[in-house]
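Visitor: I should like to be guided through this protein, step by step. Please explain the reasoning behind each answer.

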Amino acid sequence: MTSPRSSTRSGPGDRPAGPAASLRARLARLGRVPPLHLVLGVTGVLLLVGVVMVLSASAGGRTVADGMVLTVFVRHIIFLVVAIAAFGLGMVVRPSWLRAWTPILLIACVAALIAVLVPGIGEVRGGARRWISVGGFTVQPGEAAKVIVLLWGAHVLALRGRTVRLARYAVLPLVPVGLLIAALLMMQPALSTTVALGVIVLALLYFAGTPLGPLAAMCGGAVAGAAVLGLTSGYRRDRITTFLGAGDELGAGYQSRQALLSLADGGVFGTGLGQGRAKWDYLPNAANDFIFAVIGEELGLLGGLLVLSLYALLGWVGLRIAARTKDPFLRLTTAATATWVVVQAAMNVGYVVGLLPVTGQQLPLVSAGGTALVSTLFLLGLMANAARRLR
């Protein structure tokens, strides 16, 4: 007698689930996890990766010779503590209170961007005047500017409501103010921060419902503007020509070449945590802009793909939270934050692996900390704030 189990056999037309069906099933299971837990979990893992890799990337080269192995790492930990406090603030702050302060913060932001250009106030490093020294630490007003424009822009567009479907109500006053901030940033100069600011403004306009025609025109103008700015400065022009294969590999192309060599050394499984050679003065800024090269060298292709999957997951969770959030301000803030973090990570990885010209974008939450780490975690705290309010 045939048992019930043996009577249900797969016929010739039945096929095993393919990769697409498997991926959908995994996303469905992941979708049942509370969004707040996902935000906290993914952010925490990326921060842990950053702590480990900053320690590894900074423990080599001149820091060893000068007896300052832990200098970069300790500075990162100090900023990380401040950033975690900023995350907690963003998680509990009332959106109405924050919205009320955005105009004042915007005025203070413009004042700080002007102040950093004044000799004696702004600190010059590598030919750029981007930093202000406060209590022995340096802060970048440009990093705070990205956060403030995002918050103020979300506030203004939330007030506009459905009228953003008319282009003039979407563009004014966000785009003129964004252009003013961009002009002040380029006077430092800070092209990478300007590009990030453009991504934030375009993301806000898109998620607010701006018509695609004007949005496409602004995207085209932003790309053209970035190209012109890139070709009008000597060092930026050298980076572009190097990317196109016509530059000096021992000059402007040195970092890119060393990054590719580091990734090649890592292979699939990596050389082992702490065993990389790039940080021994072969790769400049190993703990900052090019930390993904150290990840690829020491943790291999698998480690690099794991980090990329974490950013993809964070972006997916952020957009999912935004889609379910009823508060228009939090919805725009969350969607723009998710877009900004993912795009910045893609730009950083893109120039490390040679797919984009070097722009100086940090790897969010992983690169050695500073003002950028604090500002990013504050915005992710607002994302967690929106997740807490979901029903």
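**A guided reading of the model**

Guide: We begin with alanine 83, which is buried, because its relative accessibility is 0%. This residue lies in helix H5, and the model in which we see it is a predicted one.

Visitor: Which residues is alanine 83 in contact with, leaving aside its neighbours within four places in sequence?

Guide: Alanine 83 has partners far along the chain to consider: alanine 83 and glycine 370 are 287 residues apart in sequence, yet 8.8 Å apart in space, C-alpha to C-alpha. Contact itself requires heavy atoms within 4.5 Å. With neighbours within four places in sequence left aside, the contacts of alanine 83 are Leu373, Val374 and Leu377.

Visitor: Is histidine 76 buried or exposed?

Guide: Histidine 76 is found in helix H5, which covers residues 71-92. Apart from its neighbours within four places in sequence, histidine 76 touches Gly50, Val51, Val54, Ser367, Ala368, Gly369 and Leu373. The cut-off for a buried residue is a relative accessible area under 20%. Histidine 76 has a value of 2%, so it is buried.

Visitor: What is the relative accessibility of threonine 43?

Guide: Threonine 43 has its place in helix H3, residues 35-58. Neighbours within four places in sequence aside, threonine 43 is in contact with Leu314, Leu365, Leu377 and Leu380. Threonine 43 counts as buried because its relative accessibility is 4%.

Visitor: How are H7 and H9 oriented to each other?

Guide: Helix H7 spans residues 141-160 and helix H9 spans residues 174-186; their axes are 11 Å apart and the packing angle is about 175°. Angles over 145 degrees count as roughly antiparallel. The two helices, H7 and H9, are therefore roughly antiparallel.

Visitor: How many charged residues are in the contact of H7 with H9?

Guide: On the H7 side, the residues are Gly142, Ala145, Val149, Trp152, Gly153 and Leu157, and they meet Leu174, Val177, Ile181 and Leu185 in H9. By class, the contact of H7 with H9 has eight nonpolar and two polar residues, and the number of charged residues is none.

Visitor: How many of the 20 residues of H7 are buried?

Guide: H7 reaches 28 Å from its first C-alpha to its last, close to the 28 Å expected. Just after H7, glycine 161 takes a positive phi of about 65°. H7 is largely enclosed by the rest of the structure, because the number of its 20 residues that are buried is 17.

Visitor: What positive phi does glycine 209 take, just after H10?

Guide: Helix H10, residues 191-208, reaches 26 Å from its first C-alpha to its last, close to the 26 Å expected. H10 is mostly covered, with 14 of its 18 residues buried. Just after H10, glycine 209 takes a positive phi of about 100°.

Visitor: Which helix gives the most to the largest nonpolar core?

Guide: In soluble globular proteins, nonpolar side chains tend to be buried together. Here the largest nonpolar core has 99 residues, and Leu46, Leu151, Ile181, Leu205, Leu363 and Leu377 touch the most other members. The helix that gives the most to this core, with 12 residues, is H14.

Visitor: What percentage of the residues of the protein count as buried?

Guide: The protein contains 16 helices and three strands. Among its contacts with a separation of 6 or more, 73% join residues 24 or more positions apart. Of the 391 residues of the protein, the share that count as buried is 46%.

How values were computed
Residues are numbered from 1 along each chain as its sequence is written. This is a predicted model: local features need pLDDT of at least 70, side-chain atom pairs count only at pLDDT 80 or more; totals for chains, interfaces and linings use all residues. Side-chain values use heavy atoms; hydrogens and water are left out. Axes are lines fitted to C-alpha atoms, for helices over the stretch in contact, and angles run from 0 to 180 degrees between N-to-C directions. Helices (H or I, at least four residues) and strands (E, at least two) are DSSP runs, numbered from the N terminus. Angles under 35 degrees count as roughly parallel, over 145 as roughly antiparallel, 65 to 115 as roughly perpendicular and the rest as oblique. Ala, Val, Leu, Ile, Met, Phe, Trp, Tyr, Cys and Pro count as nonpolar, Asp, Glu, Lys and Arg as charged, and the others, Gly among them, as polar. A nonpolar core is a set of buried Ala, Val, Leu, Ile, Met, Phe, Trp, Tyr and Cys residues joined through side-chain atoms within 4.5 Å. Buried means under 20% relative accessible area, exposed over 50%, partly exposed in between (1.4 Å probe, protein chains only). The expected span of a helix is 1.5 Å times one less than its number of residues.
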